[in-house]
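Reader: Could you take me through the enclosed space and the helix packing of this model, stating the criteria as you go?

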Amino acid sequence: MERTQKIPPKARAFMVCLLGAEYALDAARGQVFDGVKACLERMRIVADIVLLTNLNVRSAYSEWNFHGLPPCTAMCIKRRELAHCVSELLTRGYDRQKVLVVGFGPQCLAAAEKNGVLFYPILPGQEAMSWHSLEEEALPKLLHGTYAGDYQRRLMARHTAAMIQAGGETPGD
């Protein structure tokens with residue numbers, strides 16, 4: 001599929017937070033989900049990528065490198081609320097409208113909402129589609145300032161439906 005929108009030159013104002021390596025790594029297959037590497041390579045051209053992980057930083061980098069994933073910054077979040085970690089990252093001068101939290105579930109969504117940043121769900125059982133859509137659709141919208149609003153609401157509806165189907169709590173519970 002052709003890319004329809006060009007990505008502007010690297011803008012340090014953009015940040016993407018991945019809330020846990022499990023959204024990139026398919027433990028059952030022992031490899032990354034389809035589309036992850038291409039998406040992360042494209043995103044790192046224009047954004048700082050931060051992996052918030054429960055692993056210690058050395059272990060996170062080891063796992064990340066083992067799978068050949070593009071460089072990122074790892075931040076250990078053991079015993080810390082996700083929202084607090086995102087808040088800490090925002091002190092580095094990022095524009096809240098240019099920060100995207102990538103994850104799934106009520107804690108990931110709450111981390112984005114509490115900090116007034118954008119959220120992108122990686123849907124369980126639909127990981128490859130989620131990563132492809134993140135690269136081809138969500139990232140260009142983020143970079144061109146059209147992510148918030150209708151597009152964000154559509155993603156939230158998908159996230160809520162996926163949580164209900166997975167038997168999890170709905171956002172706001």
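The questions below deal with a cavity and then with a helix pair.

Author: This is a predicted model, in which local features need pLDDT of at least 70 and side-chain atom pairs count only at pLDDT 80 or more, while totals for chains, interfaces and linings use all residues. Residues are numbered from 1 along each chain as its sequence is written, and side-chain values use heavy atoms, with hydrogens and water left out.

Reader: What volume does the largest cavity have?

Author: A cavity is a set of points, on a 1 Å grid over the protein atoms alone, where a 1.4 Å probe fits but cannot get out, and lining residues have an atom within 4 Å of a point. Tyr-120, Pro-121, Leu-123, Met-129, Ser-130, Leu-155 and Arg-158 form the lining of the largest cavity. Volume being the space filled by probe spheres set on the points, which are joined across faces, edges and corners, the largest cavity comes to about 30 Å³.

Reader: How is helix 3 oriented to helix 4?

Author: Helices here are DSSP runs (H or I, at least four residues), numbered from the N terminus. The axes, lines fitted to C-alpha atoms over the stretch in contact (heavy atoms within 4.5 Å), come within 8 Å for helix 3 (residues 82-90) and helix 4 and cross at roughly 40°. Angles run from 0 to 180 degrees between N-to-C directions, and those under 35 degrees count as roughly parallel, over 145 as roughly antiparallel, 65 to 115 as roughly perpendicular and the rest as oblique. The crossing angle therefore makes helix 3, relative to helix 4, oblique.

Reader: Which residues in helix 4 meet helix 3?

Author: From helix 3, the contact takes in Leu-82, Ala-83, Val-86, Ser-87 and Leu-90. Their partners in helix 4 are Gln-107, Cys-108, Ala-111, Lys-114 and Asn-115.

Methods: Helices (H or I, at least four residues) and strands (E, at least two) are DSSP runs, numbered from the N terminus. On a 1 Å grid over the protein atoms alone, a cavity is a set of points where a 1.4 Å probe fits but cannot get out, and a pocket is an open set with protein on both sides within 12 Å along at least five of seven lines; lining residues have an atom within 4 Å of a point.
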